[in-house]
Amino acid sequence: MAGETEVMYCTEIFQKETQANAPARQVEVEDWAFYAALEYGQYNNSALRRMQQQGRQPMSFNLIMKNIDTEAGMLLQQPYEFHYEADFGQRDKDAYLVNELRLRDKDLGKWARHKQMFVVAGLVNTGVMEMFIDYSQDEMGAPSFRYRIPTDYTFDSNWRGDDINSNKQIFEYQYMDPEEIKRTYGQTAEKMSEIDAAITIWKA
């Protein structure tokens, strides 16, 4: 029963945060559409309707992509790197160890490419970088970084400042096919027949 209460509480918080973040998420989508000239993203809805009423074909141009990519390139040419420092009251040697491991293994995780996407995203709207343990090159695992799609995350709507630890909660969206859901949650899922039916439809 305690587990059900916890799930209900988390679901309620997730729904509230999703709703609170909806306007910012919409702006994010619009900014990327404008940057990449996707689906006439350089026009607002009223302008599109007016053009359609007049029988005019909307045209898209990469108005800002070149400027943003150029600015990102200039930033990437600067000799700066991420540097981690210990929080107040924490051991300095832990931050030192993370910096040393990151510098040693950063090239294994295609750091340059992920850093480029992160900088471009920050210029368009928001850049999100995730630190994780990468086992692709080393069976012992190595600290690495990867760019993440900003709309895959919902941050605390009350978050202020630049300290990620100020978030009381961060929700990550995971897209799983029915078989992944069964492997992950099958042992505790109450509606196994529905999951099995979804797998059958998915494979059809």
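**Exercise 1. Find which element gives the largest share of the lining of the second largest pocket, and describe that pocket in this predicted model.**

Solution.
- Step 1: The element to look for is α1, which contributes five residues, the largest share of the lining of the second largest pocket.
- Step 2: Next comes the space itself, about 320 Å³ for the second largest pocket. Its lining has 13 residues, and those closest to the centre are V29, E30, A33, E39 and G41.
- Step 3: Both α1 and α2 (45-53) supply at least two residues of this lining.
- Step 4: Sorted by class, the lining of the second largest pocket has seven nonpolar, four polar and two charged residues.

**Exercise 2. Work out how the helices and strands follow one another along the sequence.**

Solution.
- Step 1: Count the elements: the protein has seven helices and four strands.
- Step 2: Read along the sequence to find the pattern α-α-α-α-α-β-β-β-β-α-α.
- Step 3: For a view of the whole protein, note that 25% of its 204 residues count as buried.

**Exercise 3. Describe the largest pocket: how much space does it hold, and which residues lie closest to its centre?**

Solution.
- Step 1: The largest pocket holds about 1200 Å³ of space.
- Step 2: It is lined by 34 residues, and G127, M129, F155, W159 and I164 are the closest to its centre.
- Step 3: Look for the elements involved: α1 (2-36), α4 (92-105) and β1 (128-134) each give at least two residues to the lining of the largest pocket.
- Step 4: By class, this lining divides into 17 nonpolar, eight polar and nine charged residues.

**Exercise 4. Decide how β1 and β2 pair, and explain why β2 is largely enclosed.**

Solution.
- Step 1: The two strands pair in the antiparallel sense, over seven bridges.
- Step 2: Pick out one bridge: M129 has Y147 in β2 as its partner.
- Step 3: Now check burial. Strand β2 covers residues 142-148, and five of its seven residues are buried, so the rest of the structure largely encloses this strand.
- Step 4: Turn to M131, which sits in strand β1. With a relative accessible area of 41%, M131 is partly exposed, because that class lies between 20% and 50%.
- Step 5: Finally, compare sequence and space: M131 and R146 are 15 residues apart in sequence, while their C-alpha atoms are 6.7 Å apart.

**Exercise 5. Trace helix α5 and find what it gives to the largest nonpolar core.**

Solution.
- Step 1: Helix α5 runs over residues 111-124, which makes 14 residues. From first C-alpha to last, α5 reaches 20 Å, close to the 20 Å expected at 1.5 Å a residue.
- Step 2: List the buried residues of α5: W111, H114, K115, V119, V120, A121 and V124.
- Step 3: Assemble the core. The largest nonpolar core has six residues, namely Y35, I68, A72, V119, V120 and V124.
- Step 4: Both α3 (65-77) and α5 supply at least two residues of this core, and α5 gives the most, with three residues.

**Exercise 6. Place Y40: where is it, and is it buried or partly exposed?**

Solution.
- Step 1: Find Y40 in the loop between α1 and α2.
- Step 2: Its relative accessibility is 33%, and since that falls between the cut-offs of 20% and 50%, Y40 counts as partly exposed.
- Step 3: Look for F61, which is 21 residues from Y40 along the chain. The C-alpha atoms of Y40 and F61 are separated by 9.0 Å.

Definitions and conventions
Residues numbered from 1 in each chain as written. Predicted model: local features only at pLDDT ≥ 70, side-chain atom pairs only at ≥ 80, totals over all residues. Heavy atoms only, no water. 1 Å grid on protein atoms, 1.4 Å probe; cavity = no way out; pocket = protein on both sides within 12 Å on 5 of 7 lines; lining within 4 Å. Points joined across faces, edges and corners; volume = space filled by probe spheres on them. Nonpolar A, V, L, I, M, F, W, Y, C, P; charged D, E, K, R; others polar. Buried < 20%, exposed > 50% of the residue type's maximum accessible area, 1.4 Å probe, protein only. Pairing = 2+ DSSP bridges. Expected span 1.5 Å × (residues − 1). Core = buried A, V, L, I, M, F, W, Y, C linked by side-chain atoms within 4.5 Å.
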